[in-house]
Amino acid sequence: MSIENGAAPKSLPRINDPAPDFEAKSTQGVIHLSDYKGKWVMLFSHPADFTPVCSTEFIQFARRYADFQALGVQPIGVSVDSIFSHIAWMRNLEQNAKVKVQFPVVADLDTRVSQAFGMIHPGASDTAPVRAVFFIDPKQVIRAILYYPQSTGRSVDEILRVFEALQTTDAHGVSTPADWKHGQNVVLPPPQTQADAEKRVADSSLKQHDWFLAEKELAKK
């Protein structure tokens, strides 16, 4: 799916859909989402530059940039402000918060990117994107989506946790339980046959809760 002639796709992207490709001006020049194929991408929108909640988020994203890099994640910001507004805001944050924003921020003046990803919710605003986060894998497939109202700042810890959980699932074919963090036990997929269930409960290497729920420890790197 791609954005053509300024039109949004007929249906908004969902989990496991291909992420719509785009070409857009950013604070690091013209970029395409497809430029980042082969990497994990955090595509996130904010309602407007020079606003209080957005400023706190960008400060934290900038401070935690090394953590995103460690997971191989490329952040890309999006709002309907101009390039000049983005640059002025980035300079303001650098001067006042002593942080440098090292990832591109898209100037989505015509709202093509925001509309294609469903970042604009008419009930919240006519033009300003809500706080959306799209977790995009190296094959450019959307793996998770988070939406927040304009009044609520996002948790960087939670965003990083979701990326690490997705990467753990891909690497080991497992799931992650509630509140999972790196180094904790993971959850095995449920058995698909009676024989598999019997084999599962007989496996002493697992932490058994019931025949359908078992945890295991991943080998330490």
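The legends below describe several views of a single chain in a predicted model.

**Figure 1. Overview of the predicted chain and its secondary structure.** The chain contains 6 helices and 10 strands, and its C-alpha atoms fill a box of roughly 65 × 40 × 30 Å when this is taken along the principal axes. Of the 221 residues in the chain, 45% are buried. Among the contacts that join residues at least 6 apart in sequence, 65% link residues that are at least 24 apart. The chain exposes about 11,800 Å², and carbon and sulfur atoms supply 51% of this area. The chain carries 23 positive and 25 negative charges, and the mean positions of these two sets are 4 Å apart.

**Figure 2. Close-up of a nonpolar surface patch that includes V201.** Four residues, V201, W211, F212 and L213, make a nonpolar patch of about 380 Å² on the surface. V201 belongs to helix 6, which covers residues 194–201. The relative accessibility of V201 is 47%, and V201 therefore counts as partly exposed, because partly exposed refers to values between the 20% limit for buried and the 50% limit for exposed residues.

**Figure 3. Close-up of the salt bridge between R64 and D67.** Side chains of opposite charge can pair when their charged atoms come close. A search of the whole structure finds 10 salt bridges, and in this view the side chains of R64 and D67 meet in a salt bridge with an N to O distance of 2.5 Å. R64 is partly exposed, with a relative accessibility of 22%, and D67 is also classed as partly exposed, with a relative accessible area of 33%.

**Figure 4. Close-up of the salt bridge between E94 and K100.** The side chains of E94 and K100 meet in a salt bridge, for which the N to O distance is 3.8 Å. The two partners fall into separate exposure classes: E94 has a relative accessible area of 37% and is therefore partly exposed, whereas K100 has a relative accessible area of 51% and is therefore exposed.

**Figure 5. Close-up of D137 and its salt bridge with R143.** D137 is placed in the loop between strand 6 (131–136) and strand 7 (142–148). The side chain of D137 meets that of R143 in a salt bridge, with 3.3 Å from N to O, and both R143 and D137 are buried. For D137 the relative accessibility is 8%, so this residue counts as buried. When neighbours within four places in sequence are left aside, D137 is in contact with K39, W40 and R143, so that the salt-bridge partner appears here together with two further residues, K39 and W40, each with heavy atoms within 4.5 Å of D137.

**Figure 6. Close-up of C54 in helix 1 and of the salt-bridge network that includes R131.** C54 lies in helix 1, which spans residues 52–63, and its relative accessibility of 0% means that C54 counts as buried. Not counting residues up to four places away in sequence, C54 touches H46, P47, A48, W89 and R131. C54 and R131 are 77 residues apart along the chain, yet their C-alpha atoms are separated by 9.0 Å. R131 also takes part in a network of salt bridges, in which it is linked with E57 and R154.

**Figure 7. Close-up of N16, a residue with positive phi.** Most residues other than glycine have a negative phi. Phi of N16 is near 75°, which is a positive value in a residue other than glycine. N16 is found in the segment before strand 1 (23–26), and with a relative accessibility of 55% N16 counts as exposed.

**Figure 8. Close-up of F50, a further residue with positive phi.** F50 has a phi near 55°, again a positive value in a residue other than glycine. The place of F50 is in the loop between strand 3 (40–45) and helix 1. The relative accessibility of F50 is 45%, and F50 therefore counts as partly exposed.

How values were computed:
Residues numbered from 1 in each chain as written. Predicted model: local features only at pLDDT ≥ 70, side-chain atom pairs only at ≥ 80, totals over all residues. Heavy atoms only, no water. Helix = DSSP H or I, 4+ residues; strand = E, 2+ residues; numbered from the N terminus. Buried < 20%, exposed > 50% of the residue type's maximum accessible area, 1.4 Å probe, protein only. Areas by Shrake-Rupley, 256 points an atom, 1.4 Å probe, with all protein chains shown as cover. Lys, Arg positive; Asp, Glu negative; His and termini not counted. Charge placed at Lys NZ, Arg CZ, Asp CG, Glu CD. Patch = residues over 30% accessible without salt bridge, like charges linked within 9 Å, V, L, I, M, F, W, Y side chains within 5 Å.
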